[in-house]
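Morning, everyone. I have one structure to take you through, and I will go from the overall fold to single residues. Please have the sequence and the model open.

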Amino acid sequence: MTDHLDIALWGVLPYVAATFLVTGTVWRHRYDRFGLTTRSSQLHEHRLLSVGGPLFHYGILLVACGHVIGLLVPESLTEQVYVHEWLYHANALGVGGVAGLATLTGLAILLYRRLRVPAVRAATSRSDRAVYPLLTAVLLAGLTATATTLRPHPYDYRRGVSVWFRSLFTLDPNVPAMAHAPLVYQVHALLATALFALWPFSRLVHAFAAPVGYLVRPYVVYRSRGTHPVTEAHGTGPYPARHTTPGQVGRPRRR
């Protein structure tokens, strides 16, 4: 019975969640493209948002980067670049702990704002009411797992959880690697799996619609009114005469 449960949790459930994540995101992009937004409520309240927003977003970005490195980069690779294991874990504890606390603090401020401001509270959807407690539980479980590394003989997740996570991409999940992990890591993984399954159906989906393309968009050249020599020479038209050279080009700006 236990073996079948382990296979269902660590060999089947991750693929079910990934299916919901991919198909749900594609569906939202196709049928609700204008809904891929945070539904900004900045007009209703700004003071708490200006504090909680950066804390949460920058914090969760660091947390995501830490998970990518910890789960996808094998121990043998860090040893080849002369990053000793004690240094790796010290960095994960320090940077990861601070990033997790910043994310949790920012989320707490944003949730307090959402409950305190009536207009913001009224704009909260049912899916968001389900995702917020789940996201909080994921962060708390992750911080608890990080804190366990302070014990004298901590669990080395790089030889267990990371091995299981990488095996999912080869379609040959290493179920025992995750089944033998401590309970806090299992709870954290299950909560994260549920979060990714609900991700496309909440405001978290706006992470896939970040305006990254704006950084590489070409400049737009704005021409001055000097391109209309008749208007400029006689002072006719809706604008007063200006002493400009025909064809003068203004400073380029982004769109």
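How much of the protein, out of 255 residues, counts as buried? The figure is 34% of the 255 residues. Keep in mind that this is a predicted model, so every value I quote is computed from that prediction.

On to secondary structure. The protein has 10 helices and zero strands. Written out along the sequence, the pattern is α-α-α-α-α-α-α-α-α-α. As for contacts, take those between residues at least 6 apart in sequence: 76% of them join residues at least 24 apart.

Now the helix pairs. Two packed helices are described by the angle between their axes and the distance between the axes. I have three pairs to show.

Start with helix 4, residues 85-116, and helix 6, residues 126-147. Their axes come within 10 Å and cross at roughly 155°. Angles over 145 degrees count as roughly antiparallel, and helix 4 and helix 6 are therefore roughly antiparallel to each other. The crossing of this pair is left-handed. Which residues of helix 4 and helix 6 meet? From helix 4 there are Leu93, Gly97, Gly100, Leu101, Thr103, Leu104, Leu107, Leu111 and Arg114. From helix 6 there are Tyr132, Leu135, Thr136, Leu139, Leu140, Leu143 and Thr146. By class, the contact of helix 4 with helix 6 has 10 nonpolar residues, five polar and one charged.

Helix 4 also packs against helix 2. Here the angle is about 145° and the axes are 7 Å apart. Helix 2 and helix 4 cross in a left-handed sense. Their contact comprises 16 nonpolar, eight polar and two charged residues. While we are on helix 4, look at Asn91, which lies in that helix. With a relative accessibility of 48%, Asn91 counts as partly exposed. Asn91 and Gly66 are 25 residues apart in sequence, and their C-alpha atoms are 9.8 Å apart in space.

The third pair is helix 2, residues 47-72, with helix 7, residues 161-168. The two axes come within 8 Å and cross at roughly 90°. That angle makes helix 2 roughly perpendicular to helix 7. Helix 2 contributes Gly70, Leu71 and Leu72 to the contact, and helix 7 contributes Val161, Ser162, Phe165 and Arg166. Sorted by class, the residues of the contact between helix 2 and helix 7 are four nonpolar, two polar and one charged.

Next, some individual residues, beginning with Val161.

Val161 belongs to helix 7. Is Val161 buried or exposed? Its relative accessibility is 10%, so Val161 counts as buried. Leaving out neighbours within four places in sequence, Val161 is in contact with Leu71, Tyr155, Ala177, Met178, Ala181 and Tyr185. One of those partners, Tyr185, is 24 residues away along the chain, with 7.8 Å between the two C-alpha atoms.

Ala181, another partner of Val161, sits in the loop between helix 8 and helix 9. Although in a loop, Ala181 counts as buried, because its relative accessibility is 7%. Apart from residues up to four places away in sequence, Ala181 touches Tyr155, Val161 and Gln186. Tyr155 therefore appears in the contact list of Val161 and in that of Ala181, while the relative accessibility of Ala181 is what makes it buried. The C-alpha atoms of Ala181 and Tyr157 are separated by 7.8 Å, and the two residues are 24 apart along the chain.

Compare another loop residue, Leu171, found between helix 7 and helix 8. At 68% relative accessibility, Leu171 counts as exposed. What is notable in the backbone of Leu171 is phi, near 60°, a positive value in a residue other than glycine.

Last, Thr193, in helix 9, which spans residues 183-198. A relative accessibility of 14% means that Thr193 counts as buried. Where does a polar atom of the Thr193 side chain lie relative to the backbone oxygen of Ala189? The separation is 2.7 Å. Setting aside residues up to four places away in sequence, Thr193 touches Leu13, Pro14 and Ala17.

That is the set. I can go back to any of the helix pairs or residues on the screen.

Technical notes:
Residues are numbered from 1 along each chain as its sequence is written. This is a predicted model: local features need pLDDT of at least 70, side-chain atom pairs count only at pLDDT 80 or more; totals for chains, interfaces and linings use all residues. Side-chain values use heavy atoms; hydrogens and water are left out. Axes are lines fitted to C-alpha atoms, for helices over the stretch in contact, and angles run from 0 to 180 degrees between N-to-C directions. Helices (H or I, at least four residues) and strands (E, at least two) are DSSP runs, numbered from the N terminus. Angles under 35 degrees count as roughly parallel, over 145 as roughly antiparallel, 65 to 115 as roughly perpendicular and the rest as oblique. A crossing is left-handed if the near helix is turned anticlockwise from the far one by less than a right angle, and right-handed if clockwise. Contact means heavy atoms within 4.5 Å. Ala, Val, Leu, Ile, Met, Phe, Trp, Tyr, Cys and Pro count as nonpolar, Asp, Glu, Lys and Arg as charged, and the others, Gly among them, as polar. Buried means under 20% relative accessible area, exposed over 50%, partly exposed in between (1.4 Å probe, protein chains only). A polar contact is a pair of N or O atoms within 3.5 Å; within protein, one must be able to donate a hydrogen and the other to accept it, and residues adjacent in sequence count only if both atoms are side-chain atoms.
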